[in-house]
Amino acid sequence: MNFEFSDDQKQLRDQARRYLAEHSPSKAVRSVLEGKAPYDKALWKGLAEMGFLGVAIPEEFGGAGAGHLELCVIAEEIGRVLAPVPFASTIYLATEAIMLAGSDEQKAKWLPKIASGEAIGTLALFEGAGNPSPKGINVSVSQGAVSGTKKPVPDGAIADFAIVVARTGSTGRETDIGLFIVDLNGAGVTRKSLANIDQAHGQAEITFDKAKAEPLGAANEGWSILTRVLDRAAVLMAFEQVGGADRALEMGRDYALDRIAFGRQIGSFQAVKHLLADMYVSATLARSNCYYGAWALSTDAAELPEAAAGARISATQAFQHCAKNNNQVHGGMGFTWEFDCHLYYRRANALALALGSLSYWENQLIDRMRLRNAG
Amino acid sequence: MNFDDTPQEAAFRAEARAWIQANAPRHLEPELSEPSVGRIKLRSGDILTESKKWQKKKAEAGWACLHWPKEYGGRGASPIERVIWQQEEGVFIKLESVFLIGQGMCGPTMMAYAGEDDKKKYLPKLASGENIWCQLFSEPAAGSDVAGLRTRAERKGDDWIINGQKVWTTGAHFSDYGIVITRTDPAQPKHKGLTMFFLDMKSPGVVVKPIKQANGQAEFNEVYFTDVKIPDSQRLGKVNDGWNVSLTTLMNERMSIGARIVTGVPEMFDFCSKLMLEDGLAIDDKNVRSKLASWAVKASGLKYTSYRSISALSRGERPGPENSIGKLVSGSMLQDIAMFALDLQGAAGVLNDADAVAGAGQFQSMLLRSPATRVEGGTDEILRNIIAERVLGLPGDIRVDKDVPFNAIPTKGR
């Protein structure tokens, strides 16, 4: 058994960490958060040049042809620094959907552009409040054109194309749902940026009015493809969450060593020590669940759906736990704009909702565990 | 990132599996498969007898105390082979629980500090299960603060005379030998005046009294020493260096990783899959699902954390203090699961009669045993301190008695 990343993968992690420490300082995150730019274009270009955007894209489509373990490594580092780029929407969602269900033509058209940083993609799934469900899809497609409104769409204002989840029939069943690629710069698309709790990642409302829609995958398999995309994205995003959780824990630990009160480092008080110990525990459990998810993702194992839900829940809990207690360890300073605590707190809570809420994934996990126990 | 054995590991696994298949006490399998929180009881026989039989069989075929050197009754196996064996042994590993303290903690301490003749004399019988050992550390006034112990050992020629009392001594009532830590110089600060010995539990002056626990069982004991005489040759380590010797013992405790963690999650999942509530199956209830999912990811997190430790072992590294999380997480989880399982049963949750209650009373017994899990072998608070100090590098707790002679430390608050 080797339940650990390889030396090459660890080297890639070091490389990504060094690169991102230099090119994605919190100053850059704040710049996007404060509305000075929609995303960090220079960083996005740099990530493409480093080969990080296409790390899991096959070489024939312009990628590095490494694999999903390597992508997990990068995702963790993206999460550590809260990189203000459309990485999750483009790489975990749009790219995975195209790699899973795209035709050779679609792959050839989009994947090289993604790897080179020319095309930003996203998934247009949600339609207001609620978790992923075929019943919640009202945006519809007829005669090759999509109509209706999606919100929130991650990075929807800056994306070049979207994978749109749309209704193709009227029975309300899963088989009535299809996936479509829509050019967001084309006719019939109206976009509006929406304010959100983590403005370092934009959210948008997109209204389609008979916009041209190209089918992605078989017409009646949209929902099952979407489920697979969400599972894969869940593992990748879980790494991002673990990266964020680890950084929040480090920040809390460093501050506890640095700050003196009552004549002692506050990290010498048990109340503070135990808070930090519990953060370590949740981050460690999440990391271990993520490794299992990474194994399942990279081998396309039958265990992937259950592993993905486990990684997603564990990482969501860990990032939220570490981010909120990092604020707590920092005391009043943790609530200032100046300290970075709120950046992690925002991201933790935004990512917690990004692929459907915790309760959605709890339901998924229990359903999948039951299936396994019955089988 | 894989679950595959190396060719050598696979060969070892195949050999172990074949031997276990051919030799394990299969008739006990159904009973051993039942969930057990706390001391294992067999309906069909005596756990001590059955455990000794299985251990002896293993020892004769070279499968006992795998990582110990061959000359002391072990196999000289690698840590990873030991883990593979534990995985293959499956439920029969429960038959090892009475030997756990002796083989896991006393044995390695003897190996590090006893004389060669004593090692040859005692260790093989410990490995084969012929002798059971206990560890006499805790005292009424020395639990988490174990260095505050008061049991005295006084030098008298070539002998030592021991007087005092130990408590929470697991298995003392069926142990043949024990290692005991004593105070030999009360004029020194508390960590510096301690000395370790081993002794025959049947020595004159040793009295063992089982403690009836909150759950009605008696796994632990009080042990009284009245003028117990032992020769200096049974001293382990230098005089007044017992604290360092005890650290060897405690560090070895950590090596027993992974396979033994009981979380209660599979039992709870099974229970909720069958239990009918007013509105349907418990597992279809949103609240139940949410709790189950949270527990399930903790349990899987612990499982895969142990896999990461196994990977570290296979690279020749030792598991570090991060392994403290196993008991910390599972202890309070067991307690929460038990409470919730009873809550789901409503008023009937109070019933403890295995025939009258859903889940055969397993959660009721889990409820009553779980407080001990959170205390034994290090309280939740001590484990959090270990993580905070040794993993995260935070300052140690302030110890106002650290440099004070032991006999000058106040013994009561005001």
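Q: Is E29(B) buried, partly exposed or exposed?
A: Buried means under 20% relative accessible area, exposed over 50%, and partly exposed in between (1.4 Å probe, protein chains only). E29(B) has a relative accessible area of 29%, which makes this residue partly exposed. This is a predicted model, in which local features need pLDDT of at least 70 and side-chain atom pairs count only at pLDDT 80 or more, while totals for chains, interfaces and linings use all residues. Residues are numbered from 1 along each chain as its sequence is written, chains are lettered from A and ligands numbered from 1 in the order in which they are written, and side-chain values use heavy atoms, with hydrogens and water left out.

Q: With which residue does E29(B) form a salt bridge?
A: Side chains of opposite charge can pair when their charged atoms come close. The term salt bridge is used for a side-chain nitrogen of Lys or Arg within 4 Å of a carboxyl oxygen of Asp or Glu. The partner of E29(B) is R26(B), with the closest N and O atoms 3.0 Å apart. R26(B) is partly exposed as well, at a relative accessible area of 36%.

Q: Where in chain B do K166(B) and E139(B), another salt-bridged pair, lie?
A: Elements are DSSP runs numbered from the N terminus: helices are H or I of at least four residues, strands E of at least two. The closest N and O atoms of K166(B) and E139(B) are 2.9 Å apart. K166(B) lies in strand β3 (residues 159–167) of chain B and E139(B) in the loop between β1 (133–136) and β2 (152–156), so their salt bridge ties together parts 27 residues apart in sequence. K166(B) is buried at 0% relative accessibility, and E139(B) is buried at 6%.

Q: How many salt bridges are found over all chains?
A: A search of the whole structure gives 45. One of them joins D300(A) and R232(A), at 3.6 Å from N to O. D300(A) is in the loop between α8 (270–299) and α9 (304–330) of chain A, whereas R232(A) is in helix α7 (residues 222–258), 68 residues away in sequence. R232(A) is buried, with a relative accessible area of 10%.

Q: How many residues of each chain are in contact across the interface of chain B and chain A?
A: Contact means heavy atoms within 4.5 Å. Here 49 residues of chain B touch 43 residues of chain A. Buried area is the accessible area (1.4 Å probe) that two parts lose on being put together, summed over both. For these two chains it is about 4,200 Å², with carbon and sulfur atoms giving 64%. M1(B), R289(B) and R308(B) supply 20% of the area that chain B buries against chain A, more than any other three residues.

Q: Which polar features join chain B and chain A?
A: A polar contact is a pair of N or O atoms within 3.5 Å; within protein, one must be able to donate a hydrogen and the other to accept it, and residues adjacent in sequence count only if both atoms are side-chain atoms. Between the chains there are five salt bridges. In one salt bridge, E389(B) meets K273(A) at 2.5 Å, N to O. The polar contacts come to 23 residue pairs, both residues at pLDDT 80 or more. On the side of chain B that touches chain A, the elements that give two or more residues are α9 (286–314), α10 (325–344) and α12 (380–391) of chain B. The largest share, 19 residues, comes from α9(B).

Q: How does the span of α10(B) agree with its number of residues?
A: The expected span of a helix is 1.5 Å times one less than its number of residues. The 20 residues of α10(B) should span 28 Å, and the end C-alpha atoms are 28 Å apart, which agrees. Of those 20 residues, 15 are buried, so α10(B) is largely enclosed by the rest of the structure. Just after α10(B), G346(B) takes a positive phi of about 60°.

Q: Which residue other than glycine has a positive phi near 55°?
A: That residue is F262(A). F262(A) sits in the loop between β9 (260–261) and β10 (264–265) of chain A and is exposed, with a relative accessible area of 79%.
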